[in-house]
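The following note is offered to accompany your reading of the structure. Please keep the sequence and the 3D view at hand while working through the numbered points.

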Amino acid sequence: MAQASSNGNQRPRVVIIGAGFAGLRVIEGLRKAPVDILVIDRNNYHGFWPLLYQVATSILEPQQVVEPVRSIIRQARNARFVQATVEAIDREQHQVITDRGTFPYDELVIAAGSTSNFFGLEEIKEHGFELKDMPDAMALRNHMISCFEQAVLETDPECLDQWLTVVIVGGGPTGVELAGAIAELIRNDFRNDYPTIDFSKVRVVLVEAMDRVLLTFPPELSQKAQQALTDLGVELRFGTQVVGYKDQKLHFKDGTSMSARTVVWTAGVQANPLGKTLGVSLQRGGRVPITPELHLPEDPNVWVIGDMAYLEGKDGKPYPQLATTAMQQGRLVARNILHKLKGERLERYRYVDRGTMAIIGRHAAVARIWNVNWTGPIAWLIWLLVHLFYLISFRDRVMVLVNWIYNYFTQERGARAVVAPRRMTTAQLEAAVAEPSRADPTAATQT
Ligand SMILES: Cc1cc2nc3c(=O)[nH]c(=O)nc-3n(C[C@H](O)[C@H](O)[C@H](O)COP(=O)(O)OP(=O)(O)OC[C@H]3O[C@@H](n4cnc5c(N)ncnc54)[C@H](O)[C@@H]3O)c2cc1C
């Protein structure tokens, strides 16, 4: 029998914050349960972030890696969706406070993901780029193309170097995949698009503070990835810490600097700041400590999962902030809410390691699956199949596959037009005044 909700409602109200990898699995697991689900997300879409770099580098169109939340929850008749930004959680009143009103809950699932951690480097946050959401990918793509448009007529050699230099900070999977894809975009498409540019002046630089890329992978795989990046013409700088970015100059701890108009920060992740409003002490990276059953230790009605959660495995290390962790935790929370409704014992989380992988370019990838290292075309094929399989809708799978096949045979990326909204919001207008090329990439092309 359904447990009565705290306000006398017959069906318990389950509020899910975030329609990401974790949130969607909770909805899926509860879609036949005697509960009323309210999904709240600041975007009206679910984003498949592992393919975000392909949007940033013109391989895919944005709509191919996002899916409207409303079309996903259509199969769950007990679920409603509200597009709103959650600002705080009032655990005493059992309420979620958003920019569009306050929503009561009986069970609250917090799955709001993570944001970039700039480690206090405000200049990078303001003038650099990141890759955490669709607008980030669009802004980066438009900006990079606009830089080359600008370079065509540039006569000042110093300015030319700035337009033609792309620096990626952080040698984790996102940085490596992005660096490889940018190098390929420049090598294949830009070389044809901009015949008057001297490509010996173009630089793609990957900066990493440690001594190798892909630190969470075995060193042999890091070596392979580094070789593949070097083959694509990416410059690797190890043991280099970024300390600032001013007037198009990136400054390093060793006193050196590098001019670049495009700086992409992939060097740090922190949990969504929403955790700070829970009134609990947070772990490293702002992650929220939870029990093995995935709720707050002092509040069994508040479940925290995915990138926001902090739970250690048997080795004393926190579970990784990966889509696989988020999906597994989402499924478990749905089961545990059902167990709770039936008065049964809750299950504990058991991480199933599905492996890790990173793609570097055409026919080049590295993967660690079932404790085996995979490299080259086999790893590349595994990467493609896994990502295709996990895409949320059949339509997206078809569109992405068609794009990949077209791209494979023609080596041409379709999404190279700078399309930016003409009608701007007040906030965009203010940003455009502060920094024209970032907020309105079309402005940079008007010479
Ligand atoms: C570029 C990139 C590449 C990646 N590649 C891989 C990969 O190859 N393999 C892998 O396993 N993992 C990868 N990851 C990590 C993976 O995407 C995350 O671990 C996973 O998305 C975490 O799931 P989540 O549900 O916790 O958060 P998300 O999937 O990020 O979902 C969070 C949701 O919360 C919403 N939200 C956030 N704040 C608010 C708010 N205040 N109010 C309302 N809604 C809010 C967001 O809009 C979003 O829909 C990648 C991540 C990125 C950014």
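**Notes on the predicted model**

1. A backbone N or O atom of Leu-322 lies 3.4 Å from an oxygen atom of the ligand. This model is predicted. Two further backbone contacts reach ligand oxygen atoms: a backbone N or O atom of Ala-323 lies at 2.9 Å, and a polar backbone atom of Phe-21 at 3.1 Å. Taken alone, the ligand exposes 1000 Å², of which the protein buries 90%.

2. The shell around the ligand deserves a closer reading. It holds 28 residues, and the closest are Ala-22, Asp-41, Val-86, Asn-272 and Asp-307. By type, the shell divides into 13 nonpolar, 11 polar and four charged residues. Helix H1 (21-30) and helix H9 (323-341) are the elements that give two or more residues to this shell; H9 gives the most, with three.

3. The search of the whole structure finds 16 salt bridges. One of them joins Arg-13 and Asp-106, whose closest N and O atoms are 3.1 Å apart. Arg-13 belongs to strand S1, whereas Asp-106 sits in the loop between strands S8 and S9, and the two are 93 residues apart. Both Arg-13 and Asp-106 are buried.

4. A salt bridge also connects the side chains of Arg-395 and Glu-67, at 3.0 Å from N to O. Arg-395 lies in helix H11 and Glu-67 in strand S4, so this pair ties together parts that are 328 residues apart in sequence. Are the partners buried or exposed? Glu-67 counts as buried because its relative accessibility is 8%, under the 20% limit. Arg-395 has a relative accessible area of 42% and is therefore partly exposed.

5. Arg-416 and Asp-189 form a salt bridge through their side chains, with 3.4 Å between N and O. Arg-416 is in the loop between H11 and helix H12, while Asp-189 is in helix H7, 227 residues apart. Asp-189 is buried, as its relative accessible area is 3%. Both residues belong to a network of salt bridges that also links Glu-184, Asp-193, Glu-412 and Arg-413.

6. Two local features may be added. Asp-136, in helix H5, has a polar side-chain atom 2.9 Å from the backbone nitrogen of Asp-133; Asp-136 counts as buried because its relative accessibility is 14%. On the surface, Phe-394, Val-398 and Val-402 form a nonpolar patch with about 310 Å² of accessible area together. Within this patch, Phe-394 is in helix H11 and is exposed, with a relative accessible area of 64%.

Methods: Residues numbered from 1 in each chain as written. Predicted model: local features only at pLDDT ≥ 70, side-chain atom pairs only at ≥ 80, totals over all residues. Heavy atoms only, no water. Near = heavy atom within 4 Å. Polar contact = N/O pair within 3.5 Å; in protein donor to acceptor, adjacent residues only side chain to side chain. Areas by Shrake-Rupley, 256 points an atom, 1.4 Å probe, with all protein chains shown as cover. Helix = DSSP H or I, 4+ residues; strand = E, 2+ residues; numbered from the N terminus. Nonpolar A, V, L, I, M, F, W, Y, C, P; charged D, E, K, R; others polar. Patch = residues over 30% accessible without salt bridge, like charges linked within 9 Å, V, L, I, M, F, W, Y side chains within 5 Å. Salt bridge = Lys/Arg side-chain N within 4 Å of Asp/Glu carboxyl O. Buried < 20%, exposed > 50% of the residue type's maximum accessible area, 1.4 Å probe, protein only.
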